[in-house]
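Trainee: Hey, I've just been handed this one and I don't know where to start. Could we look through it together?
Mentor: Sure, let me pull it up.

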There are 2 protein chains.
Amino acid sequence: MSDQFTLEDVNVALSPMERFEEYLQSKGKRVTQPRRILVDHVFSKHEHFDADTLIDELSKMAAGPNRVSRPTVYRSLTELVEAGLLRKLDIAGRAVYEHDYGYPDHDHLYCTQCQQLFEFHSEELAKIRDAVAKEQHFRVTGHKFIVNGVCVECQHKARRPKRKVDLI
Amino acid sequence: MSDQFTLEDVNVALSPMERFEEYLQSKGKRVTQPRRILVDHVFSKHEHFDADTLIDELSKMAAGPNRVSRPTVYRSLTELVEAGLLRKLDIAGRAVYEHDYGYPDHDHLYCTQCQQLFEFHSEELAKIRDAVAKEQHFRVTGHKFIVNGVCVECQHKARRPKRKVDLI
DNA sequence: TGTCTTATTGAGACATAGACTCAACACAAA
DNA sequence: TTTGTGTTGAGTCTATGTCTCAATAAGACA
């Protein structure tokens, strides 16, 4: 987090759900029960997750009338990305989501051994990006930077097989 | 291309097929007709392509006994990536391939309008990457950096709909 | 050059993530 | 409360890629 407010920070007083409601209203969309359940769940913890995990968790959480269907999960994820609440990453061909709203810019180190993501921030990166873009008269809207490799932990435990299908 | 030879350049005298044969032999694999046809075709032009396009082109090219089947295309692409002849990119969730062997390091600007990829090279990028990694004691094996935005051409022709399903 | 072992191939089934269709439903405005 | 319309969930469909397995063809060796 930064020490001073930027324009972006002003709205951070709003909860994710409130922020989402703003977005929905601006689009003439409705604030429904499934969308509420999903947003509450997604923002209840700060972790990277994929659609499938979310579908599982939601169906476990509320088996009855309060469950959220697969299509709705996919639809809502797309909306949340559009609304700027979530960011979508492509890790090794898989779609992975993370919080965007109220969370500082960052990129990722991806350990190809344990599949964990590590966040980092670099000011210079954006500068390079913008410089290159300017040179080619390219209008930048964003970027994806993922560094592949092996994390400290995995370097140490060398080739002892561990968490494989664990969380990304 | 650089002005001076590096160790990497030494083997560039070999054609992609020759290079691939080296790899196959080192793995106890066989130099077969389908693999030859595929490599020849892939390296006959320097473009980004996806598996599907390749399958189409190959089936058009040689309908008879010389055709290459879908499974073989997928298998060979994997081998070519392993052999270091091709690089695999994930653009907006799609797998896209490009020449790696004998081709200088670079990253990409991706125009979300016309879906075209533009290449660029930045020395600083690798430096930043390595600095960040060092800080976190992360052993780097590679990276993916894709800058999203709108290319000059698309900025100019504004919102006139054009090439959509065109080549990536 | 013929023989034999074994990697490779192609056909087709299977897997998976995600999108689409549509009738029933529920939000929110009047 | 009523009503118009956006939303939902069940189920189907599509795209991309993988797996299985019998038939084939490299290529090593005689």
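**Strands, helices and two copies**

Mentor: Let's start with one residue: His108(B) stands opposite Glu119(B), which sits in E4(B). Keep in mind that this is a predicted model.

Trainee: OK. How many bridges join E3 of chain B to E4(B), and how do the two run?
Mentor: There are 4 bridges between E3(B), residues 107–111, and E4(B), and the two strands run antiparallel.

Trainee: And over in chain A, in what sense do E3(A) and E4(A) pair?
Mentor: E3(A) and E4(A) pair in the antiparallel sense, over 4 bridges. One of the partners to look at is Asp107(A), which is bridged to Phe120(A) in E4(A).

Trainee: What about the hairpin of E3(A) and E4(A), how many residues lie between the strands?
Mentor: That hairpin has 5 residues between its strands, and Gln115(A) there takes a positive phi near 65°.

Trainee: Now zoom out for me. In what order do the strands of the sheet come?
Mentor: The order is E4(A)-E3(A)-E5(A)-E5(B)-E3(B)-E4(B), so to speak read from one end to the other; it is an open sheet of 6 strands with mixed pairing. E4 (117–120) of chain A and E4 (117–120) of chain B stand at the edges with a single partner strand each, so one side of each has no neighbour in the sheet. From one strand to the next, the twist averages 25°.

Trainee: What holds strands together in a sheet, generally?
Mentor: Strands of a sheet pair through backbone hydrogen bonds, and they can do that parallel or antiparallel.

Trainee: Which strands does helix H5 of chain A touch?
Mentor: H5(A), residues 123–135, packs on the sheet and touches E3 and E5 of chain A along with E3, E4 and E5 of chain B. Its direction makes about 130° with that of E5(A).

Trainee: And H5 of chain B, what does that one touch?
Mentor: H5(B) packs on the sheet too, touching E3, E4 and E5 of chain A together with E3 and E5 of chain B. The direction of H5(B) makes about 130° with that of E5(B).

Trainee: So what rotation superposes chain A on chain B?
Mentor: A rotation of 179°, with 0.1 Å of shift along its axis, and the RMSD is 0.2 Å. The two copies are thus related as by a two-fold rotation axis.

Trainee: Which residue of chain A comes closest to the rotation axis?
Mentor: That's Phe145(A), with its C-alpha at 2.2 Å. As for the interface, 100% of the interface residues of chain A are also interface residues in chain B, so the copies meet through the same surface.

Trainee: Changing topic: at what angle do H2 and H3 of chain B cross?
Mentor: Roughly 115°, with the axes of H2(B) (residues 33–42) and H3(B) (residues 51–61) coming within 11 Å. H2(B) and H3(B) are therefore roughly perpendicular, and the crossing is right-handed.

Trainee: Which residues make that contact?
Mentor: From H2(B) you have Ile37(B), Leu38(B), His41(B) and Val42(B), and from H3(B) Leu54(B), Glu57(B), Leu58(B) and Met61(B). By class, that contact has 6 nonpolar, 1 polar and 1 charged residues.

Trainee: And in chain A, at what angle do H2 and H4 cross?
Mentor: Roughly 70°, and the axes of H2(A) and H4(A) (residues 70–82) come within 10 Å. H2(A) passes H4(A) in a right-handed crossing. By class, their contact has 5 nonpolar, 2 polar and 2 charged residues.

Technical notes. Residues numbered from 1 in each chain as written. Chains lettered and ligands numbered in written order. Predicted model: local features only at pLDDT ≥ 70, side-chain atom pairs only at ≥ 80, totals over all residues. Heavy atoms only, no water. Least-squares fit on C-alpha atoms with pLDDT ≥ 70 in both. Contact = heavy atoms within 4.5 Å. Axes fitted to C-alpha atoms, helices over the stretch in contact; angles between N-to-C directions. Parallel < 35°, antiparallel > 145°, perpendicular 65-115°, else oblique. Left-handed = near helix turned anticlockwise from the far one by under 90°. Nonpolar A, V, L, I, M, F, W, Y, C, P; charged D, E, K, R; others polar. Pairing = 2+ DSSP bridges.
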